[in-house]
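Hi everyone, thanks for making time for this. I'd like to walk you through a structure that is new to most of us, so let me put it on the screen.

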Amino acid sequence: MTTTPTTGAPPAEQGERRSWLREHSELGVCVLLLALGVLVLTDTLTMHVDIAQRGPVGPRTVPVVVGAGLLVIAALLAVDVLRGGRGQAEGGEDVDLSEPADWRTVSLLAGVFLGAAVLIEPLGFPVAGALLFWGAAFALGSRRTDRDPLIAAGLSLLTYVVFDNLLGVPLPGGPLMGVL
């Protein structure tokens with residue numbers, strides 16, 4: 001009997017295992033949801049909360065509900081997949097599944113997000129956010145250099161004012177801190 005050197009299993013058995021894994025690939029999503037739920041619950045339950053800051057609904061309430069929800073959804077999805085349930089392929093009218101992914105757009109968007117994350121501290125949110133919005137519009141195909149920077153700057157300033165002034169979430173202002 002022939003065996004494969006890495007697993008020691010016969011080739012037919014290894015092929016059956018691969019076929020089963022392909023047919024139940026949605027279990028990977030279950031594992032991801034399970035890990036995320038465990039992470040959220042672990043972080044929440046180990047979080048130090050001052051007893052004086054707690055009210056009827058403390059800072060742990062929503063993360064516990066979200067973490068528990070992730071665990072329940074992971075379990076329900078796993079049961080559905082093991083019973084033969086399958087996700088349906090995307091059937092949108094504007095999606096051509098035979099076309100390959102547009103890696104140029106994905107790479108541009110990833111670069112824009114990474115750049116914004118790096119620039120937010122030294123330049124502040126208004127500038128980094130404007131670059132983020134403008135870069136995302138460019139990556140997604142907009143070539144209107146006359147209006148896109150203005151819209152991006154307006155969106156960024158509006159977002160900064162709403163979060164910093166109205167919601168009380170401090171965002172780094174950067175060099176524009178004295179001007180705003």
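Let's start with the whole chain: it has 180 residues, and 22% of them count as buried. Please keep in mind throughout that this is a predicted model.

What is the secondary structure made of? There are 6 helices and 0 strands. If you follow the sequence from one end to the other, the pattern reads α-α-α-α-α-α.

Now, how do distant parts of the sequence meet? Take the contacts in the chain with a separation of 6 or more: 55% of them join residues that are 24 or more positions apart. As for the outside, the chain exposes about 12,900 Å², and carbon and sulfur atoms supply 67% of that area.

Let me zoom in on a few places, beginning with helix 2, which covers residues 27–45 and holds Thr44. Is Thr44 buried or exposed? Thr44 counts as buried, because its relative accessibility is 4%, and the cut-off for buried is under 20%. Which residues does Thr44 touch, once we set aside its neighbours within four places in sequence? The contacts are with Arg60, Pro63 and Val64.

Moving along to helix 3, residues 61–82, we find Val72. With a relative accessible area of 48%, Val72 is partly exposed. Val72 also gives us a nice pair to look at with Gly37: the two are 35 residues apart in sequence, while their C-alpha atoms are 9.0 Å apart in space.

Next, please turn the model to the surface around Leu131. Four residues, Val118, Leu119, Leu131 and Trp134, form a nonpolar patch there, and together they have about 340 Å² of accessible area. Which elements give two or more residues to this patch? They are helix 4, residues 103–123, and helix 5, residues 125–139. Leu131 itself lies in helix 5, and it counts as partly exposed because its relative accessibility is 41%.

Last, a word about the rings. The count of aromatic pairs comes to 0. There is something to see at Phe138, though: the charged end of Arg143 sits over the ring of Phe138, 3.8 Å from the ring's centre.

So, to recap the picture: a predicted model with 6 helices and 0 strands, a buried Thr44 in contact with residues including Arg60, and a nonpolar patch on the surface that includes Trp134. Thanks for listening, and I'm happy to rotate the model for anyone who wants another look.

Technical notes: Residues numbered from 1 in each chain as written. Predicted model: local features only at pLDDT ≥ 70, side-chain atom pairs only at ≥ 80, totals over all residues. Heavy atoms only, no water. Helix = DSSP H or I, 4+ residues; strand = E, 2+ residues; numbered from the N terminus. Buried < 20%, exposed > 50% of the residue type's maximum accessible area, 1.4 Å probe, protein only. Contact = heavy atoms within 4.5 Å. Areas by Shrake-Rupley, 256 points an atom, 1.4 Å probe, with all protein chains shown as cover. Phe/Tyr/Trp six-rings, centres within 6.5 Å; stacked < 30°, edge-to-face > 60°. Lys NZ or Arg CZ within 6 Å of the ring centre and 35° of its normal. Patch = residues over 30% accessible without salt bridge, like charges linked within 9 Å, V, L, I, M, F, W, Y side chains within 5 Å. Salt bridge = Lys/Arg side-chain N within 4 Å of Asp/Glu carboxyl O.
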